[in-house]
Each structure stands twice: as structure tokens, then as C-alpha cells.
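Here are some short exercises to work through at your own pace. Try each task yourself before you read its solution.

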Amino acid sequence: MIFVDACFRKPTPYTPIWMMRQAGRYLPEYMEVRRKAGDFLTLCKDPQMAAEVTLQPIEILDVDAAILFSDILVIPMEMGMELRFEKGEGPVFSKPVATLADVEALYDYPEERLGYVYETIRIVRSTLPQEKALIGFSGAPWTLATYMVEGGGSKSYAAIKQMVYADPGTLHALLIKVSEAIKAYLLKQIEAGVNAIQIFDSWASALEREKFFEFSWDYLVDIAAFLKERHPEIPIILFPKGIAGYLDGIEGPFDVFGVDWGTPMELAKKRLGKRYVLQGNMDPARLYDREATKEGVERIIEVMGARPGHIFNLGHGMLPDTPVENAKYLVELVHDLTRR
Ligand code: CP3
């Protein structure tokens with residue numbers, strides 16, 4: 001598989017590309033399936049429909065990898081937290097975690113209740129062309145804990161940061177519990193057939209340096225080490241968003257570092273490019289305009305070269321009103337400009 005080879009810096013015929021949030025609302029075909037499902041969580045829990053939307057970007061855009069269609073919040077949901085997605089408001093947990101008793105009340109083995117995810121993986125892997133990879137994923141412990149403590153999206157992260165500074169013991173108890181669940185969950189995704197794993201730490205940037213390493217990064221390294229020990233053949237991609245200032249402290253047993261759009265590729269290459277394959281990092285908003293897309297691709301390829309060590313991606317998820325034509329153009333352009 002071109003994508004998996006690229007994760008291990010092996011020679012490939014061109015630089016592979018996939019896009020974060022490549023299955024989603026910008027695709028009319030996705031909206032059609034979601035309409036049939038009724039709502040987003042029902043879609044996540046229906047393996048046939050989830051498999052169908054996982055495969056759409058492969059058929060429509062010809063990206064090199066599919067990413068499992070699900071959500072990072074299924075773990076806290078299956079730990080017993082009531083979750084709903086509100087229109088315009090995003091995800092909401094009705095009873096956020098606030099105390100050690102709340103942490104202890106969470107169910108320990110959510111991976112046992114996530115059978116619909118493994119079934120989706122089996123269906124996708126049996127349908128997906130052999131040369132295309134399937135990426136499994138999880139949220140990072142810190143990002144999941146943030147949603148669980150804030151009860152949803154947040155601007156100031158006041159509730160979780162209060163825990164960071166005033167009640168770190170409770171937060172570590174939560175992070176340990178969530179990390180153990182993530183390990184078991186990702187292992188089951190691998191057993192069901194995914195070819196690579198990405199861990200999204202979307203809210204890494206909420207923490208000052210020392211706290212980032214204590215409450216976020218150390219847990220990511222622990223999860224990566226657990227998986228690498230058991231499945232060295234499965235590449236691990238870590239995507240901590242918004243930590244350009246902390247790159248000199250980044251180290252661990254993973255394969256690919258996901259670079260967000262706010263981190264200059266030159267800087268990521270200088271700090272991490274020898275040790276890790278880099279994935280990224282075009283600003284998703286460039287996809288609104290064809291010329292801006294071309295300029296973005298050319299700049300990134302100028303830095304990374306048409307050679308092993310780079311996987312093309314956006315620097316965060318696709319926006320819901322992205323023109324499909326521009327997304328197709330992006331894939332063609334990256335393949336054409338990097339062919340060797
Ligand atoms: O295509 C893919 O990338 C695979 C599927 C995927 C989804 N969410 C589908 C989804 C993946 C990998 C995610 C990860 C995810 N979910 C993250 C980490 C990545 C990131 O963006 O930083 C986060 C923070 C979430 C939590 C989440 N899920 C939010 C905040 C929202 C609402 C915001 C929004 O865009 O509406 C979701 C819902 C969600 N997850 C949608 C999709 C396609 C939109 C649901 C819909 O309206 O149909």
C-alpha cells in the first residue's frame with residue numbers, strides 16, 4: 001500500500017494524500033446517507049451506512065487512504081456519558097465529569113460496546129481496493145478528557161484547566177482510565193483490519209508547555225508504545241494541534257507526525273523531519289479557491305520535495321462548505337507534481 005509504505009519512508013510512485021474530515025457534509029453523497037440515517041450518531045452506529053460514507057472519498061476524490069467513519073466521542077459515550085449533537089452547537093454531554101466519583105462511575109471497558117466500529121472496519125476492508133489503506137483513529141486522552149469535563153466545545157477551557165491547576169489527581173485518574181480504553185479500542189481496530197492509526201489531539205494547544213507534556217504528550221507516547229510493541233507493522237500517526245512552539249520536546253515511538261496549518265512546514269522539517277515522516281499541512285480554507293489551492297500545494301512540495309518523508313494532508317479538518325471540485329483538483333495536483 002502506497003500510504004503505508006510512505007508512513008515508513010519507503011519509496012512510493014508519488015506522495016500519497018488523504019484529508020482529515022474527508023467524509024462529511026461537503027459531499028452531497030454523504031448528506032444523502034445521513035438523511036437516510038436520521039442523525040449523525042445513528043450513522044456512526046450503523047456499520048453498512050458508516051462503511052458506505054467511509055468509501056465515498058475514495059470513489060469521489062481518489063485519495064490514497066480511507067479513514068474510518070466514526071467520531072472521537074464514541075469512547076466517552078460508551079463509557080456511559082449521554083451525548084447529543086446539537087445543530088450549530090456541536091457535541092454536548094449532558095452530565096460533564098467534575099469529581100473523582102464521576103471518574104470512578106465511568107464504565108471501564110467501552111471497547112466492548114464498540115462492536116459496530118469493528119464491523120464497519122471489516123466491511124470497509126473487504127470492499128476497499130487492495131492498494132488503498134484504511135486508517136483507524138481515536139481522540140487523544142487529553143482531547144477526550146477536555147470534552148468530558150467541559151461537557152462540549154469550549155473557548156477558554158476553564159473547567160478542565162481548573163482541574164489541571166487545582167485538582168491534577170482527578171484529571172490524571174481520568175486520563176489513565178481513558179488511555180486504557182483507547183489502547184484496548186485501537187488494538188481491536190487493528191485486529192478488525194485497519195492499516196494505520198491516527199490519534200487526534202485537537203486541543204493540545206490549550207496547554208502551556210510543561211502542562212502539555214504532563215497531561216497530553218506523555219499519554220500519547222504511552223499509547224504509541226503499547227501499540228508498537230504489539231503491532232510494529234501498523235504505522236502510528238500523532239496529530240497534536242497547535243503546538244509549533246513545543247516541537248523540540250517531541251519524541252516517542254510513533255512513525256508519522258501530523259503538522260497543523262499553523263506550524264510552518266520548514267520548522268517541522270527542521271525539528272522532526274529526520275526522525276519522523278511528516279503529514280500535512282495545507283490550510284483547509286485554501287480549498288475555497290483553486291488558485292490558492294495550487295499555491296498552497298506548490299509551497300508545501302517545494303519544502304518537502306517529491307520524495308519519501310512526506311504524506312500530503314490538510315493542516316486540520318475539511319470545512320463543511322468546501323467545493324468538491326477543488327478537493328478533486330487537490331488530489332490530482334499532488335499526484336501529478338510528485339510523480340517520480
Ligand atoms: O472523514 C473523517 O475524518 C472521518 C470521520 C471523523 C469525524 N470526526 C466525523 C464527523 C473523524 C476522524 C472525526 C474526529 C473528530 N471528532 C475530532 C478530531 C479532529 C478535529 O476536527 O480536530 C473532533 C474534535 C471531533 C468532535 C466532533 N465531532 C465535533 C466538534 C463535531 C461537530 C462539529 C461539526 O463539524 O459539526 C463532530 C461531528 C462530526 N464528526 C461530523 C462528522 C462528519 C459532522 C456531523 C454531521 O453533521 O453530519
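**Exercise 1: Unusual backbone spots**

R9 sits in the loop between α1 (2-7) and α2 (28-37). The model is predicted, so local features need pLDDT of at least 70, side-chain atom pairs count only at pLDDT 80 or more, and totals for chains, interfaces and linings use all residues. Residues are numbered from 1 along each chain as its sequence is written, and side-chain values use heavy atoms, with hydrogens and water left out.

Task: find what is special about phi of R9, and about the bond that joins G280 and N281.

Step 1. Phi of R9 is near 60°, a positive value in a residue other than glycine.
Step 2. The peptide bond between G280 and N281 is cis, with omega about -10°. N281 belongs to strand β8 (residues 277-282).
Step 3. Most residues other than glycine have a negative phi, and most peptide bonds are trans.

**Exercise 2: The overall fold**

Task: work out how many helices and strands the protein has.

Step 1. There are 14 helices and nine strands (DSSP runs numbered from the N terminus: H or I with at least four residues for helices, E with at least two for strands).
Step 2. The radius of gyration, 19 Å, is close to the 20 Å from the globule rule for 340 residues, so the protein is as compact as a globular protein of that length. This radius is taken over C-alpha atoms, and the rule is 2.2 Å times the number of residues to the power 0.38.
Step 3. Along the principal axes, the C-alpha atoms fill a box of roughly 55 × 45 × 40 Å.

**Exercise 3: The ligand**

Task: identify which polar side-chain atoms lie by an oxygen atom of the ligand, starting with R25.

Step 1. For R25, a polar side-chain atom is 2.5 Å from an oxygen atom of the ligand.
Step 2. For H316, an N or O atom in the side chain is 2.7 Å from a ligand oxygen atom.
Step 3. The protein covers 88% of the 870 Å² of accessible area that the ligand has on its own (Shrake-Rupley method, 1.4 Å probe; for residues, only the protein chains shown count as cover).

Technical notes:
A polar contact is a pair of N or O atoms within 3.5 Å; within protein, one must be able to donate a hydrogen and the other to accept it, and residues adjacent in sequence count only if both atoms are side-chain atoms.
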